[in-house]
Amino acid sequence: AFLFAWLGLAKLGVRVAFLNTNVSGMPLLHALQATGAKHIVVGEECLALFDTPELPDDLCYWLWPDAERPAAAALRALSVLDLAQAASESLESNPPAEWRAGLVAGDAALYIFTSGTTGLPKAAVISHARWLLTGDVMVATMDVTQEDCFYCFLPLYHGAAALSACATAFVSGASLLLRRKFSRSEFWSDVRRHHVTICQYVGEICRFLLTVPPQPDDQQHPLRKMVGAGMAPEVWEQWVRRFGDQFQIYEGWGATESNTNTINLDNRIGSCGRVPFWEKTNLR
């Protein structure tokens, strides 16, 4: 549902702001004010976050129902429109091209917020070109094909999932397996059941997975490539030793709001890439 709403709005020429589903109150108000958002697509499981006096009364809510996690009855009094119903009743033809008249690749497509470790989260501006090119770059970097399957359990409102995993899967035509929430106990079952070949990690996820007791079939799986940031050298060594030395691990350095990044193309344990010899290129 997240992907359908995001790409549908992008096709209309609408700028989309990804909101952290864990914030509420003043931080949520800040995010809406920073982006100028007036229309909010909200999953029913997140509706309670908007039931707060800090938010203005003139916001328009488009509700996406969630049978697994319905909102409390008291929250249904909020003025919301049923997006799923509206989508089912809409025309199947493409929207008029003039709605996107003048839109170019360099125009803003997304606002993705920083984590807010140095104050309120800041909205990083992502152009149409950037998120599409991110997929192109990663397809070439990791030699991704239509036969691959990405496993995505990271929040879709962050750049790691939306810009790296999703964009790469879209560009390559690979499969994309989404899990609502990361599960240490179900990770390898998911990998085997859905023939996952590429997984994205952040921070201590790999260290966390190593805390599961060793199993006889630890090296019997289709996972071959890992891409992300934050894997410590000792975790890397333990990972390869336990789950197999066939892994190509693309440890990187960068940020959604940064203007550059590096990535380890050499599978060298502990490396997050290297700065090129600029004086030997034509980029001086």
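Here are some exercises on this structure, each with a worked solution.

This is a predicted model, in which local features need pLDDT of at least 70, side-chain atom pairs count only at pLDDT 80 or more, and totals for chains, interfaces and linings use all residues. Residues are numbered from 1 along each chain as its sequence is written, and side-chain values use heavy atoms, leaving out hydrogens and water.

**Exercise 1. The three-stranded sheet**

Work out the strand order of the open sheet of three strands, and find its edge strands.

*Solution.* Start with the terms: helices (H or I, at least four residues) and strands (E, at least two) are DSSP runs, numbered from the N terminus. Two strands pair if DSSP finds at least two bridges between them.

- Step 1: The order is β2-β3-β4, and the pairing is parallel.
- Step 2: β2 (39-43) and β4 (80-82) are the edge strands, since each pairs on one side only.
- Step 3: From one strand to the next, the twist averages 30°. Angles like this run from 0 to 180 degrees between N-to-C directions, with axes fitted to C-alpha atoms, for helices over the stretch in contact.
- Step 4: Look at one pair: five bridges link β2 with β3 (residues 60-64) in the parallel sense. Within β3, Trp62 stands opposite Val41.

**Exercise 2. Two helices and their buried faces**

Which residues of α1 and α2 are buried, and how are they arranged around each helix?

*Solution.* Buried means under 20% relative accessible area, exposed means over 50%, and partly exposed lies in between (1.4 Å probe, protein chains only).

- Step 1: In α1 (residues 2-12), the buried residues include Leu3, Ala5, Trp6 and Ala10. They cover an arc of only 165° around the axis, so they sit on the same side of α1. The arc is that of the directions from the helix axis to the C-beta atoms.
- Step 2: Contact means heavy atoms within 4.5 Å. The partners of the buried residues of α1 include β1 (16-18), β2, β5 (108-113) and α4 (128-142).
- Step 3: In α2 (residues 25-35), Gly25, Leu28, Leu29, Ala31, Leu32 and Thr35 are buried. These residues fall within an arc of 155° seen down the axis of α2, so they line one face of the helix.
- Step 4: Met26 and Gln33, on the other side of α2, are exposed. The buried residues of α2 are covered by elements including β1, β2, β5 and β6 (123-127).
- Step 5: Check what follows each helix. Gly13, just after α1, has a positive phi of about 90°, and Gly36, after α2, has a positive phi near 70°.

**Exercise 3. The six-stranded sheet**

Find the strand order of the open sheet of six strands, then the helix that packs on the sheet.

*Solution.*

- Step 1: The order is β8-β7-β9-β10-β11-β12, with mixed pairing.
- Step 2: The edge strands, which each pair on one side only, are β8 and β12 (262-263).
- Step 3: The helix packing on this sheet is α4, which touches β7 (149-152), β9 (198-202), β10 (225-229), β11 and β12. The direction of α4 makes about 130° with that of β10.
- Step 4: β11 (residues 248-253) and β12 run antiparallel and are joined by two bridges. Here Gly252 stands opposite Ile263 in β12.

**Exercise 4. Cysteines**

Why is the sulfur of Cys149 not bonded to that of Cys199?

*Solution.* A disulfide is a pair of cysteine sulfur atoms within 2.5 Å.

- Step 1: Cys199 has the closest cysteine sulfur to that of Cys149, but at 10 Å, it is too far for a bond.
- Step 2: Cys149 counts as buried because its relative accessibility is 7%.
- Step 3: The whole structure holds zero disulfides. For Cys60, the nearest cysteine sulfur is that of Cys46, 17 Å away.

**Exercise 5. Polar side chains in loops**

Are Ser183 and Glu44 buried or exposed, and what do their side chains reach?

*Solution.* A polar contact is a pair of N or O atoms within 3.5 Å; within protein, one must be able to donate a hydrogen and the other to accept it, and residues adjacent in sequence count only if both atoms are side-chain atoms.

- Step 1: Ser183, in the loop between β8 and α6 (187-193), is buried at 13% relative accessibility.
- Step 2: The side chain of Ser183 makes a polar contact of 3.3 Å with the side chain of Ser185, and reaches the backbone nitrogen of Glu186 at 3.1 Å.
- Step 3: Glu44, in the loop between β2 and β3, is buried at 6% relative accessibility. A polar atom of the Glu44 side chain lies 2.9 Å from the backbone nitrogen of Asp66.
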